[in-house]
Amino acid sequence: MRVARRFLVRGRVQGVGFRYFALDAARRDGINGYVLNHQDGTVEAVAEGEAEAVERFERALRRGPSRSRVEHVVVDEIEPALGGTGFNIR
């Protein structure tokens, strides 16, 4: 079953390779969506794909790359609408 989620990640998540880490995790699992930095220091990711793949992606975001420190992740369920657009950094 296809699902879509929006993640807002707080902590030390900018300047540590977090977006590239998310890109690699998403591409490994065939997830469509994007990741971007916000001016307030958070990172937003939108992921669409098979439920198990999106759950693996979420676990990766909660862990983050070695230089990051993820403090909190807000998860919102959204309607799948991206289709096969791939995953990119914005």
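In which hand does H1 pass H2 where the two helices cross? In this predicted model, H1 passes H2 in a right-handed crossing. That crossing is a handy starting point, and the sheet that the helices lie across is a good place to go next.

The sheet is open and built from 5 strands, arranged in the order S4-S1-S3-S2-S5 with mixed pairing. Strands S4 and S5 (87-89) stand at the edges; each has a single partner strand, so one side of each is left without a neighbour in the sheet. From one strand to the next, the twist averages 20°.

Strand S1, spanning residues 2-12, pairs with two of the other strands, and both pairings are worth following residue by residue. With strand S3 (residues 43-50), S1 runs antiparallel, and 8 bridges join the two. Leu8 can serve as a landmark here, standing opposite Glu44 in S3. With strand S4 (residues 69-78), S1 again pairs in the antiparallel sense, this time over 9 bridges. The landmark for this pairing is Arg10, which stands opposite His72 in S4. As a reminder for anyone tracing these strands on screen, side chains in a regular strand alternate between the two faces of the sheet.

Towards the S5 edge, the pairing takes the other sense. Strand S2, made up of residues 32-37, pairs with S5 in the parallel sense over 3 bridges. Within this pair, Gly33 stands opposite Phe87 in S5.

Two helices lie across the strands. Helix H1, covering residues 18-28, lies across S1, S2, S3, S4 and S5, and runs at about 170° to S5. Helix H2, covering residues 51-63, lies across S1, S3, S4 and S5, and runs at about 155° to S3.

The helices also meet each other. Two packed helices are described by the angle between their axes and the distance between the axes. For H1 and H2, the packing angle is about 160° and the axes are 10 Å apart. Because angles over 145 degrees count as roughly antiparallel, H1 is roughly antiparallel to H2.

Which residues of H1 and H2 meet? On the H1 side they are Phe18, Phe21, Ala22, Ala25 and Ala26, and on the H2 side Phe57, Ala60, Leu61 and Arg63. The residues of this contact divide into 8 nonpolar, no polar and 1 charged.

Notes: Residues are numbered from 1 along each chain as its sequence is written. This is a predicted model: local features need pLDDT of at least 70, side-chain atom pairs count only at pLDDT 80 or more; totals for chains, interfaces and linings use all residues. Side-chain values use heavy atoms; hydrogens and water are left out. Two strands pair if DSSP finds at least two bridges between them. Helices (H or I, at least four residues) and strands (E, at least two) are DSSP runs, numbered from the N terminus. Axes are lines fitted to C-alpha atoms, for helices over the stretch in contact, and angles run from 0 to 180 degrees between N-to-C directions. Contact means heavy atoms within 4.5 Å. Angles under 35 degrees count as roughly parallel, over 145 as roughly antiparallel, 65 to 115 as roughly perpendicular and the rest as oblique. A crossing is left-handed if the near helix is turned anticlockwise from the far one by less than a right angle, and right-handed if clockwise. Ala, Val, Leu, Ile, Met, Phe, Trp, Tyr, Cys and Pro count as nonpolar, Asp, Glu, Lys and Arg as charged, and the others, Gly among them, as polar.
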